[in-house]
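Hi,

Here is the structure I promised to pass on. Have a look first, and my notes on what turned up are underneath.

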Amino acid sequence: MQRPVSSLSLSSCVKVKLVGAGFQFTADLRHLSPQQLSKGASLTQQEALEVLQAVTREGGSDKAAGAGGSSASMTALELLQKEEEELRSIVTFSSRLDAALGGGVPIGKTTEVCGAPGVGKTQLCLQLAVDVQVPPCFGGVGGQVVYIDTEGSFVLQRAVDIAAAAVRHCSLLVEDDEQRVAMETFSVDTVLSNMFLVRCHDYVELLAELHLLPDFLSAHPRVRLLVIDSVAAPFRRLFDELLQRTRLLNGLAQQLIAMANSHEIAVVTTNQMTTRVLGAQSQLIPALGENWGHAPTIRLILQWAGSQRLAAIFKSPCHVDSTVQYQITTEGFRDIDQSDQPQSKRPRMHNDQSAAGV
Amino acid sequence: MVVLREGMCPGLDADLVRDLRAADVKTVEDLVSSDTEDLAQKCSVSYRALFAIRRVLLAQHTAFPVSGADLYEELLSSTAILSTGNSSLDKLLDSGLYTGEITELSGGPGSGKSQVCFGVAVNISYHLKQSVIFIDTTGGLTARRLLQMLEAETSNREEQMEALQRIHIFRLFDVFSLLDCLYSLRTGMLQQASVGGGSVKAVIVDSVSAVIAPLLGGKQSEGMSLMTQVAGVLKTMAKDFNVAVLVTNHVTRSSSRVQPGLGVSWRHVPRTRILLERVEKAAAVSRSSMRSATLIKSSRQLCHKTEEFDLQRWCHSEGPSAKRKLEDMDS
């Protein structure tokens, strides 16, 4: 079976013209010149040229795959080596959550943080935005961050607090010269200057920003984290047609993971919660619908349990489901103090964590 | 609709193609459906020559009947049943994934679709020593998880590495690169198969809905066309190369009833469909790793059969793990 022309990445009106002129398969186009094609299928020269380029590209990839070296293909072993060498995680400063996530928020994946208002989604985002800049000699990735704020919830004062705490924490850890040198450039000012803040007011702005982002990322190769706080806000209002919303969200999800993969960044999004009513019962579930649930690679749910805050891994292809406790302090997102914890709770939480440490 | 070209069949030379074109006969379809006698006059070519060309072209574009006995013979010699490595799923699938067919797993977020895919990939590469092509469209695949599953199987580092080498990964995030990949796989699959040793026995696409769903909905008809393209190439690939194709799909929920996504037209594509769901224990604080699988379409087994299995114990690991014990304690 040959490859049909309609499966090429061309505009649909060009495809209609091609098929109408009898060019059903790519093999029919392979030996034509642009002039012949533009005459035969009543296309402009420019369109004809694009068609032929698409066809030769397709033909080229045939050969590459034939030689066993198609660019996208790799064996799981190669991927494992790549994961071990290049792709690191961004620590959260909560050792329990890090342990549950196998070292922190992974680079090259998308992570969604869901939770009710006030439970700490934005705090976690701010914390990560600071943590991504921790120099490599302290176990960080020393990157920059693009922070897309759609809710207007980015509070600079909090970012300064968290950054100051992180800098203080690292300065206490200094042991060798390398770390001392790194500390010279790791200060609150540099932390703030490595944050690129984008304020988007509605979904059109958000989508436009994401379309332009790959260029920005190519220009700033040190960016290791993209935060979108939140995806839900712009998509939960101003939408009459839900189908359209689902389609846009699905496209957005693929865009994010493609970006995470090609630019080696971690993508962290936040999502609100909504209530699902099932007969007499109701249940809090993440917003944006069932379909969006597939979008993030990892889904974290932050929730209240009485006066405690819990973070649960709800979905992840490489971690077991587990729940950890955390707190929000002036310094940011932290583990709960040992002494603060009620004694009865203690053993179980401990077990949970050790079981989750994969 | 194939364009007439010189050399397509004996007797069809450049002059004739030009004459035919002048008579407004551009494609094979035009030639076959036009009146041969009339055309012979218009192009001043003998009726007999044109008739011969017509016959050859028809023969080239037709399908041949195959006798049932031959087909059965071929089926017996070429079809393999690949165990998924999970006895509950094997039971539902009538002992495993059949080559030459498309099997679909659908389920909500976190229902274990990807885990089942990993498990199948590991089982085929490690136990059956065959190559697997894994097309990841959601970024969910991590080699570390595959290694973890392999470690549960064997402690021999070399065997683990060998098994990993038999899993070929493609990471694609839009439908056109998926199509590019599938078409190039079809042309270059046999050569590629020999790379890691063992032939390619399974192609896993996790997930097929992630790339197609952004195109559906609204007033666009192109999405439908591309979906049928994907379905077509997967089907022919499964048949022509005798591989088992495993795809994953999301679910849609209409008034608490859960059904696989991608609509009615996709429903015909997979031969076997399985719906995965979490088993929610009432009032359980910690979430269990138990999943239920329901057969919703099959040509072999009675449908709506449900089996439960534990994601934690995918790979025949001995005894319940620490995590399991913990959960039993909790619930």
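Arg273(B) is buried, at 5% relative accessibility. Its side chain meets that of Glu104(B) in a salt bridge, 2.7 Å from N to O. Arg273(B) sits in strand 10 of chain B and Glu104(B) in strand 3, so this pair ties together parts that are 169 residues apart in sequence. Glu104(B) is buried as well, with a relative accessible area of 0%. Keep in mind throughout that this is a predicted model.

There is another salt bridge in chain B worth a look, between Glu101(B) and Arg271(B), where the closest N and O atoms are 3.2 Å apart. It links distant parts of the chain, 170 residues apart: Glu101(B) is in the loop between strand 2 (97-98) and strand 3 (102-107), while Arg271(B) is in the loop between helix 13 (263-267) and strand 10 (272-278). Buried or exposed, what is Glu101(B)? At 8% relative accessibility, Glu101(B) falls under the 20% cut-off and so counts as buried. Arg271(B), with a relative accessible area of 37%, is partly exposed. Both residues also belong to a network of salt bridges that takes in Arg300(B).

Now for the two chains together. The contact takes 68 residues from chain A and 70 residues from chain B. About 5,900 Å² is buried between them, and carbon and sulfur atoms give 56% of that area. How many salt bridges run between chain A and chain B? The count is 3, against 14 over all chains in the whole structure.

One salt bridge to open in the viewer is Arg3(A) with Asp180(B), whose closest N and O atoms are 2.7 Å apart. Arg3(A) lies in the segment before helix 1 (12-20) of chain A and Asp180(B) in helix 10 (residues 175-193) of chain B, so the pair joins two chains. The two partners are covered to unlike degrees: Arg3(A) is buried, with a relative accessible area of 3%, whereas Asp180(B) is partly exposed at 32%. Glu83(A) and Arg144(B) also meet through their side chains in a salt bridge, at 3.8 Å from N to O.

As for why such pairs turn up, side chains of opposite charge can pair when their charged atoms come close.

Some overall numbers for chain B, in case you want them. Chain B has 14 helices and 12 strands, and buried residues make up 53% of its 331 residues. Of the contacts in chain B with a separation of 6 or more, 63% are between residues 24 or more positions apart. The exposed area of chain B is about 14,600 Å², with carbon and sulfur atoms supplying 52% of it.

On the surface, Tyr72(B), Leu75(B) and Leu76(B) make a nonpolar patch of about 340 Å². You can find Tyr72(B) in helix 5 (residues 68-78) of chain B.

Last, the layout of chain A. It is divided into domain 1 (5-65) and domain 2 (89-335). The centres of these two domains, taken over C-alpha atoms, are separated by 43 Å.

Cheers

Technical notes: Residues are numbered from 1 along each chain as its sequence is written. Chains are lettered from A and ligands numbered from 1 in the order in which they are written. This is a predicted model: local features need pLDDT of at least 70, side-chain atom pairs count only at pLDDT 80 or more; totals for chains, interfaces and linings use all residues. Side-chain values use heavy atoms; hydrogens and water are left out. Domain bounds come from an automatic or database domain assignment. Helices (H or I, at least four residues) and strands (E, at least two) are DSSP runs, numbered from the N terminus. Buried means under 20% relative accessible area, exposed over 50%, partly exposed in between (1.4 Å probe, protein chains only). Contact means heavy atoms within 4.5 Å. Accessible areas come from the Shrake-Rupley method with a 1.4 Å probe; for residues, only the protein chains shown count as cover. Patches are made of residues with over 30% relative accessible area and no salt bridge: like charges are joined within 9 Å, nonpolar side chains (Val, Leu, Ile, Met, Phe, Trp, Tyr) within 5 Å. A salt bridge is a side-chain nitrogen of Lys or Arg within 4 Å of a carboxyl oxygen of Asp or Glu. Buried area is the accessible area (1.4 Å probe) that two parts lose on being put together, summed over both.
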